[in-house]
Amino acid sequence: MAVKRVIALEGDTVYPHEPYPHTTARVPLGHVWVEGEDPDPRHNADSHTYGPISMGLIMGKITHILWPIERIGRIGKAGWNKRTKVVEASEEEVDALYMEWESAEVPDSYTENASKR
């Protein structure tokens with residue numbers, strides 16, 4: 001299990017940094033972009049390392065810090081240094097993504113393989 005901050009939702013555009021291989025990324029439907037606390041990418045595996053993650057992988061929400069004792073309390077935005085620029089998608093842009101997804105044709109090979117399972 002890993003604890004990361006969700007910084008972008010489906011449809012949002014992210015301007016990631018290394019080691020992510022692209023200069024921009026649009027978060028796909030059903031996914032989020034997560035960022036860890038450590039600014040050093042060698043100590044921090046997050047969406048800059050593996051890209052957007054499926055919302056199905058999210059198990060809960062952290063609300064408080066219990067350790068170390070000097071940091072005990074509610075988690076908030078104060079004291080967090082966001083390193084990645086995010087442009088939030090408008091409602092219309094997200095709706096358009098859903099419309100595009102709903103109208104997409106599923107390849108025959110996919111439905112044939114799914115029926116064999």
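This is a walk through the structure, one selection at a time.

**Whole chain**

Start with everything shown as a cartoon, and keep in mind that you are looking at a predicted model. You should find 3 helices and 8 strands. Follow the chain from the N terminus and the elements come up as β-β-β-β-α-β-β-β-β-α-α. Switch on a surface if you like: the protein exposes about 9,000 Å², with carbon and sulfur atoms supplying 55% of that. Of the 117 residues, 25% are buried. If you have a contact map open as well, look at the pairs at least 6 apart in sequence: 54% of those contacts join residues at least 24 apart.

**First sheet: β1, β4 and β5**

Select β1 (residues 5-8), β4 (31-35) and β5 (53-54). Together they make an open sheet of 3 strands in the order β1-β4-β5, paired antiparallel. β1 and β5 are the edge strands here, each pairing on one side only.

Zoom in on the β1 and β4 pair, which is antiparallel and held to 3 bridges. Show Arg5 and you can pick out its bridge partner in β4, Glu35. Then move to Ala8, which stands opposite Trp33 in β4. On to the β4 and β5 pair: it is also antiparallel, over 2 bridges. Here Val32 has Ile53 in β5 as its bridge partner.

Now colour β4 by accessibility. How many of its 5 residues are buried? The count is 4, so β4 is largely enclosed by the rest of the structure.

**Glu35**

Stay on β4 and select Glu35, which belongs to that strand. Is this acidic residue buried or exposed? Its relative accessibility is 0%, and with buried meaning under 20%, Glu35 counts as buried. Show side chains around it and look for Thr84: a polar contact of 2.4 Å joins the side chains of Glu35 and Thr84. Next, draw a C-alpha to C-alpha distance from Glu35 to Val6; you should get 6.5 Å, although the two are 29 residues apart in sequence.

**Val6 and the nonpolar patch**

That distance takes you to Val6, in strand β1. Val6 has a relative accessible area of 45%, so it is partly exposed. Add Leu9, Met55 and Ile58 to the selection and turn the surface back on: with Val6 they make a nonpolar surface patch of about 330 Å².

**Asp46**

Go next to Asp46, in the loop between β4 and α1 (47-50). What is its relative accessibility? The value is 2%, so Asp46 counts as buried. Look along its side chain and you will see it reach the backbone nitrogen of His48 at 3.0 Å. Now expand the selection to residues in contact with Asp46, skipping neighbours within four places in sequence. You should pick up Lys4, Val34, Glu35, Gly36, Gly51 and Arg83. Glu35, from the earlier stop, is one of these contacts.

**Second sheet: β3, β2 and β8**

Clear the view and select β2 (13-15) and β3 (25-26), then add β8 (85-87). This is another open sheet of 3 strands, in the order β3-β2-β8 with antiparallel pairing. β3 and β8 stand at the edges with a single partner strand each, so one side of each has no neighbour in the sheet. Between β2 and β3, which run antiparallel, look for 2 bridges. One to show is Thr13, whose bridge partner in β3 is Arg26.

**Two cis peptide bonds**

Where does Pro19 sit? Follow the chain out of β2 and you will find Pro19 in the loop that leads to β3. Show the backbone atoms there and check omega: a cis peptide bond joins Glu18 and Pro19, at about 10 degrees.

For the last stop, jump to Pro68, in the loop between β6 (64-65) and β7 (73-74). The bond joining Trp67 and Pro68 is a cis peptide bond too, with omega about 5 degrees.

Key: Residues numbered from 1 in each chain as written. Predicted model: local features only at pLDDT ≥ 70, side-chain atom pairs only at ≥ 80, totals over all residues. Heavy atoms only, no water. Buried < 20%, exposed > 50% of the residue type's maximum accessible area, 1.4 Å probe, protein only. Contact = heavy atoms within 4.5 Å. Areas by Shrake-Rupley, 256 points an atom, 1.4 Å probe, with all protein chains shown as cover. Polar contact = N/O pair within 3.5 Å; in protein donor to acceptor, adjacent residues only side chain to side chain. Patch = residues over 30% accessible without salt bridge, like charges linked within 9 Å, V, L, I, M, F, W, Y side chains within 5 Å. Salt bridge = Lys/Arg side-chain N within 4 Å of Asp/Glu carboxyl O. Pairing = 2+ DSSP bridges.
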